[in-house]
Amino acid sequence: MEVTGDLPVKGGVLRAAIVSGGGRNQIQAVRFTGPFRDEPAGTRERFEQALSGATIDEAPAKIEDFFAQNAGALPGVEPEDFLTVLTLAFMKVRRAASSAPDPSDWKKNQT
């Protein structure tokens, strides 16, 4: 299942499209698009690969390590923005996997 998370940032909208892995917390694959430059060339792909196979709980450390080793990479977006948009996408994964009723349906039944 692929889901996206969108985050308005300076310069536009940062988007993370994720494919969840075997567990609902695992990132099988991720693709980032938005108002950042892929500098140096190929950095975005290396960043995405660094997150592939990780869990959402491991993502903060993976992102921190990546940007510590690649200072100034992907200019235009802050490292914490990548974590935020990834978290937003995972909220959709968890919601889709949940058996809890949709709160908007409850409101519709109350009228």
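This dialogue goes through the fold, the core, the aromatic pairs and the charged residues of a predicted model.

Q: Which secondary structure elements does the protein have, and in what order do they run from the N terminus?

A: In this predicted model the protein has four helices and three strands, and from the N terminus on the order is β-β-β-α-α-α-α. Of its 111 residues, 33% count as buried. Among contacts between residues at least 6 apart in sequence, 53% join residues at least 24 apart.

Q: Which residues of the largest nonpolar core touch the most other members?

A: That core has 26 residues, and those touching the most other members are Phe32, Phe47, Phe82 and Leu86. At least two core residues come from each of strand 1 (2–9), strand 2 (12–20), strand 3 (27–33), helix 1 (43–51), helix 2 (59–69) and helix 3, with helix 3 giving the most, namely six residues.

Q: What does phenylalanine 82 touch, leaving out residues up to four places away in sequence?

A: With those set aside, phenylalanine 82 touches Leu14, Phe32, Phe36, Phe47, Ile63, Phe67, Leu74 and Val77. Its relative accessible area is 0%, so phenylalanine 82 is buried.

Q: How is a pair of aromatic rings described?

A: The description rests on the distance of the centres and the angle of the planes. The count here comes to eight aromatic pairs. One of them joins phenylalanine 66 and phenylalanine 67, which are edge-to-face at 5.4 Å centre to centre, with 80° between the planes; both of these residues are buried.

Q: Why is the pair of phenylalanine 67 and phenylalanine 82 called stacked?

A: Planes under 30 degrees apart count as stacked, and because the planes of phenylalanine 67 and phenylalanine 82 lie at 25°, with the ring centres 5.9 Å apart, the pair falls in that class. This pair links distant parts of the chain, since phenylalanine 67 belongs to helix 2 and phenylalanine 82 to helix 3, 15 residues apart. Ring pairs also link Phe32, Phe36, Phe47, Phe66, Phe67 and Phe82 into a cluster.

Q: How many salt bridges does the structure hold, and are the partners arginine 44 and glutamate 48 buried or exposed?

A: The structure holds three salt bridges. In the bridge between arginine 44 and glutamate 48 the closest N and O atoms are 2.8 Å apart, and both residues lie in helix 1, four residues apart, about one turn of the helix. Buried means under 20% relative accessible area, so arginine 44, at 12%, is buried, and glutamate 48, at 7%, counts as buried too.

Q: Where do the partners of the other bridges stand in accessibility, starting with aspartate 6?

A: Aspartate 6 bridges to arginine 15, the closest N and O atoms being 2.5 Å apart; aspartate 6 is partly exposed at 32% relative accessible area, and arginine 15 is partly exposed at 37%. Arginine 37 and glutamate 39 form a bridge with the closest N and O atoms 3.1 Å apart, where arginine 37 counts as partly exposed at 47% and glutamate 39 as partly exposed at 37%.

Q: What is the nearest side chain of opposite charge to aspartate 81?

A: It is lysine 10, which is 11 Å away, and aspartate 81 is buried yet has no salt bridge. Aspartate 81 is found in helix 3 (residues 79–97). Leaving aside neighbours within four places in sequence, aspartate 81 is in contact with Leu7, Val9 and Leu14.

Methods. Residues numbered from 1 in each chain as written. Predicted model: local features only at pLDDT ≥ 70, side-chain atom pairs only at ≥ 80, totals over all residues. Heavy atoms only, no water. Buried < 20%, exposed > 50% of the residue type's maximum accessible area, 1.4 Å probe, protein only. Contact = heavy atoms within 4.5 Å. Lys, Arg positive; Asp, Glu negative; His and termini not counted. Salt bridge = Lys/Arg side-chain N within 4 Å of Asp/Glu carboxyl O. Core = buried A, V, L, I, M, F, W, Y, C linked by side-chain atoms within 4.5 Å. Phe/Tyr/Trp six-rings, centres within 6.5 Å; stacked < 30°, edge-to-face > 60°.
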